[in-house]
Amino acid sequence: MSDLTSSSDFKRRAFLRAALSGAILPTGLTLAAEEGEAKPGVFQEPAHELPLVQDADVIVCGAGPAGVTAAITAARAGARVRLFEWRGCLGGVWTAGLLGYFLDFNKPGFAKELRDKLDARGARANSTSTSRFCYDPEALKQLLEELCVEAGVKFQLHTRVAAAFKEGRRLTTIVTESKSGRQAWTAPIFIDATGDGDLGAQAGCQFEIGEAAECPCQPMSLNALLMVKDVEQMREFVRFGVPKPDENKDADKKKLIKETIASTGHFPSYAGATLWHVHGNLVFAMFNHEYGIKPWDAAEITAATVRARAEMHKMINGLRSLGGAWEGVQIVATAEQIGVRDGRRIVGRYAVKQDDLIVGARHEDGVTRASFGVDVHATTADHNKQAPIHATKIKVKPYDIPLRAMIAADVDGLMMAGRCISGDFISHSSYRVTGNAVGMGEGAGVVAAIAATSKRLPHEVTWAEGEAKLREMNQRV
């Protein structure tokens, strides 16, 4: 008797035994562990055919600041674009994550367009700064959707990239999971803008995380929107876009918030707790840290989210009990997604290093120029009790992020944009802010479009071509 026949007979007999006993077997479940056909604790998923869609030149996974910028830019550059996002809105950490502010945003191109369009809607907090400012998250959700529709981006929410497949070195196909089930999608060029480097990891790329191979990594934070009784009575605590001349400095406000929370009997997990004014009596709050959480571990992230939300409510309840300026303060919403600072950094054809920041590196293929300082939050609760931020004493000179750092080294046809690009722990703590993510997304989008429509790979496209195309596009906008 052949092995195949023997296996089939065994499964048929097992099914009949289970049916007669009233047990229900999932389709494809292997019961033949005792015959050496399955490993204990392993489910052998049966192969099956998936619907395959082949209507895109560029597929972008992740619609946060980098991904939504990349998708819009690629579409404007003439590519057919598919954009996938697992949350229920575009914008990622800006919207679902209630980040609260834009940083390192004084850049031309799409960053300027966003500033102007938010201003036109009255959705940017009163601020004279083009580099750092608050915004209305609901207005930003709608603006990003409108920009994607206008550009012709086909975007799909509630959809997560689940697998990636290659032919040789080249990424050719991804599989997504959603309410529509599992679907396969193919395109010449892909962009990983998942933040955590999910697509790159699924495609077999090497990556780094944290300060060392297995962390320590930067903490996560669950932000919230708060409603206060009278924001004018809270000026000693709240950061305003245009502060009054005699107001406390931001560092003094953080210290005062920490001391006030501690006076209620709870020392905050983030000793640099911060409030930003949005508009009216609405403020953003960043009050907590969750330490040592790997962003690809769903169980860890779940537990971290539950702890963070409970702590946020505990702190706000404590502050409300103080009365005075805190009378009536309430949580309008906690973020749908806990904010992740430190995920996978996919190995690229160049790695941005600490020395690049120190010397202010310049590159012929410099896609965007970053200037934000080194920002390493406390990596343990014990360190947070001493200081919320690690004092690295590194003075950053504006530096270029090269196109090569955004092209995967191990897989052809794959680009990265946002905090999952190639770099070390220290440089990542600077370039990870969303103004730089937008600059990277813009560069990745235009190069991906040129590569796809000219039947080349991203590493075969020069940045001079991308820069020229962007100039042409910006003149039209």
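Which residues does isoleucine 174 touch, not counting residues up to four places away in sequence? Keep that one in mind while you look around; point 4 comes back to it. Some notes from my own look follow.

1. Before anything else, remember that this is a predicted model. Read each point below with that in mind.

2. Start with the open sheet. Five strands make it up, in the order β6-β3-β2-β10-β20, and their pairing is parallel. At the edges you'll find β6 (154-156) and β20 (414-416), each of which pairs on one side only. Ignoring direction, neighbouring strands here are turned by 20° against each other on average. If you want one pair to trace by eye, try β2 (residues 58-61) and β10 (residues 189-192): 4 bridges join them. Valine 58, for instance, has isoleucine 189 in β10 as its bridge partner. And if you're wondering what holds such strands together, strands of a sheet pair through backbone hydrogen bonds.

3. Now add the helices that go with this sheet. Helix α2 (residues 65-76) lies across β2, β3 (81-84) and β10, and runs at about 170° to β3. Helix α11 (residues 434-453) packs on the sheet too, touching β2, β10 and β20, with its direction at about 165° to that of β10. A good residue to click on in α11 is alanine 452. Is it buried or exposed? Alanine 452 has a relative accessible area of 8%, and buried means under 20%, so it counts as buried. Leaving aside neighbours within four places in sequence, its contacts are Asp57, Val58, Pro188 and Ile189. Take proline 188: it sits 264 residues from alanine 452 in sequence, yet their C-alpha atoms are 5.8 Å apart in space.

4. Next, the nonpolar interior. The largest nonpolar core has 115 residues, and Trp94 and Ile174 are those with the most contacts inside it. Helix α11 gives the most to this core, with 11 residues. Back to the opening question: isoleucine 174 touches Ile59, Cys61, Phe84, Val161, Ala163, Ala164, Gln183, Ala184, Trp185, Phe190 and Leu199. There is also a second, separate core of 23 residues, and Val231, Val238, Phe287 and Ile316 are among them.

5. Helix α12 (residues 463-476) is a nice one for checking the numbers yourself. With 14 residues at 1.5 Å a residue, it should span 20 Å, and its end C-alpha atoms are indeed 20 Å apart, which agrees. Its Trp463, Gly466, Leu470 and Met473 are buried. Those four cover an arc of only 85° around the axis, so they lie on the same side of α12. On the other side, Ala464, Arg471, Gln475 and Arg476 are exposed. As for what covers the buried residues, that includes α2, β18 (366-370) and α11.

6. Finally, have a look at strand β14 (residues 274-279). Of its 6 residues, 5 are buried, so the strand is largely enclosed by the rest of the structure. It pairs in the parallel sense with β13 (residues 238-239) over 2 bridges, where arginine 239 has tryptophan 276 as its partner in β14. With β15 (residues 282-286), β14 instead runs antiparallel, and 5 bridges join them. Here histidine 279 stands opposite leucine 282. β14 and β15 form a hairpin with 2 residues between them, and glycine 280 in the turn has a positive phi of about 55°.

Technical notes
Residues are numbered from 1 along each chain as its sequence is written. This is a predicted model: local features need pLDDT of at least 70, side-chain atom pairs count only at pLDDT 80 or more; totals for chains, interfaces and linings use all residues. Side-chain values use heavy atoms; hydrogens and water are left out. Two strands pair if DSSP finds at least two bridges between them. Axes are lines fitted to C-alpha atoms, for helices over the stretch in contact, and angles run from 0 to 180 degrees between N-to-C directions. Contact means heavy atoms within 4.5 Å. Buried means under 20% relative accessible area, exposed over 50%, partly exposed in between (1.4 Å probe, protein chains only). The expected span of a helix is 1.5 Å times one less than its number of residues. The arc is that of the directions from the helix axis to the C-beta atoms. A nonpolar core is a set of buried Ala, Val, Leu, Ile, Met, Phe, Trp, Tyr and Cys residues joined through side-chain atoms within 4.5 Å.
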